[in-house]
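Welcome! Please take a moment to look over the sequence and the 3D picture, and then we will walk through some parts together.

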Amino acid sequence: MNTESAGRQRPEKKVEITDPKAIRALAHAARLEVISELYSTQISRTATELAAQTGLTPSAMSYHLRALQKWGIVVPAPTAGDARERRWKAAGTDFAINSGGEAANPVVDLELDAFRRRAAAYARTRDERRRAGAPAEAPTAVVLASDLLYLTREQQAELNRRLFALLSEYELDDPHRIPAGAERMAAMWSLIPDDRTVAGSVPEDPSGPAET
C-alpha cells in the first residue's frame, strides 16, 4: 500500500511503516479506509464522519483511530467548530507500508477485498439505473489491466517514480474545492515479482556473450 503523491503545493512528509506489529495492526478494513481517506484528501475528519463511511459506530471508529495514533499514522487535528468532537488528520502527506515478509499479506487481502466491493457496488448502481430506465450516460472509466514486464531494479524504481508523478498531476490543488462534474475514483497500482518459471526464458549473461 502506498499513497505517495507530490502534486499539491505543500511540504512533503512521508509516514513509512516497517514494524511487522504495526503492519498487522493495519489489517482491518476500517483502518485502511481511514488511512486512504485522510491521506488521499488531506482533510481532517471526525470519528462520526469516518464511521459513516465504514458502517461502524462512532465509538468503534474512535477505538480504531486511537490505535492508528499509537503507530504514528494519524494525529489529532485542530477543531474549528464543536470542540466536543475531536477531529483527526493524516500524520503526513504520504503513507507507505514496506515489508519484505508475510506481515503485509493480510493488508494486501483487505485492499483486494476493497477493490472487489467498489467494483460490485458500481455494477449494482449501474444495473439499478438501467432497470429504472434512467437516461443512458457516458460510461465511467472502470479499468482493470495487467501486464508482465522484465525490469531491472533501477527500472522498477523509475516506473514507480514516473507513475506517482503522473497521478500527482491529477490531484486537487485545494482538496476542499472539487471541480463540477468530477467523480471520486479509486486507483490501485501494484508491482510485484512474478517468480513463476517460464519455459524457454533464459536470462541474459551480464558478462556478455561467450567468445568462440
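Which exposed residues does the face of α4 turned away from its buried side carry? They are S59 and K70. Before going further, please keep in mind that this is a predicted model.

**A helix with two faces**

Let us stay with helix α4, which runs over residues 58–70 and has 13 residues. From its first C-alpha to its last, α4 reaches 18 Å, close to the 18 Å expected at 1.5 Å a residue. Its buried residues are M61, H64, L65, A67 and L68. These buried residues lie on the same side of α4, because they cover an arc of only 155° around the axis. The exposed S59 and K70 sit on the face turned away from that buried side.

**Two rings that meet**

Next, the aromatic rings. A pair of aromatic rings is described by the distance of the centres and the angle of the planes. How many aromatic pairs are counted here? The count comes to one. Y39 and F95 form this pair, with 5.4 Å from centre to centre and 50° between the planes. The pair is described as tilted, because that word covers angles that are neither under 30 degrees nor over 60.

The two partners come from distant parts of the chain, 56 residues apart. Y39 belongs to helix α2 (residues 29–41), while F95 belongs to strand β5 (residues 94–97). Are these two rings' residues buried or exposed? Y39 has a relative accessible area of 1%, so it counts as buried. F95 is buried as well, with a value of 0%.

**Opposite charges**

Now for some charged side chains. Side chains of opposite charge can pair when their charged atoms come close. The structure holds seven salt bridges, and the table shows some of them.

| Salt bridge | N to O distance |
|---|---|
| K14 and E16 | 3.8 Å |
| R45 and E37 | 3.0 Å |
| R116 and D113 | 2.6 Å |

In the pair of K14 and E16, K14 counts as partly exposed at 43% relative accessibility. E16 is partly exposed too, with a relative accessible area of 42%. E37, the partner of R45, counts as buried at 2% relative accessibility.

R116 and D113 both lie in helix α5, three residues apart, which is about one turn of the helix. D113 is partly exposed, with a relative accessible area of 31%. Which residues are joined into one network by salt bridges that share partners? They are E37, R45 and R184.

**A nonpolar patch on the surface**

Helix α5 also brings us to the surface. F115 is found in this helix, which covers residues 105–131. With a relative accessible area of 31%, F115 is partly exposed. Together with V108, L112, L144 and M188, F115 makes a nonpolar surface patch of about 460 Å².

**Farther along the chain**

Our last stop is P193, in the segment after α6 (153–168). Is P193 buried or exposed? P193 counts as exposed, because its relative accessibility is 66% and the cut-off for that word is over 50%. How many residues apart along the chain are P193 and L148? They are 45 residues apart along the chain, and their C-alpha atoms are separated by 9.5 Å.

Technical notes:
Residues numbered from 1 in each chain as written. Predicted model: local features only at pLDDT ≥ 70, side-chain atom pairs only at ≥ 80, totals over all residues. Heavy atoms only, no water. Phe/Tyr/Trp six-rings, centres within 6.5 Å; stacked < 30°, edge-to-face > 60°. Helix = DSSP H or I, 4+ residues; strand = E, 2+ residues; numbered from the N terminus. Buried < 20%, exposed > 50% of the residue type's maximum accessible area, 1.4 Å probe, protein only. Patch = residues over 30% accessible without salt bridge, like charges linked within 9 Å, V, L, I, M, F, W, Y side chains within 5 Å. Areas by Shrake-Rupley, 256 points an atom, 1.4 Å probe, with all protein chains shown as cover. Salt bridge = Lys/Arg side-chain N within 4 Å of Asp/Glu carboxyl O. Expected span 1.5 Å × (residues − 1). Arc of directions from axis to C-beta.
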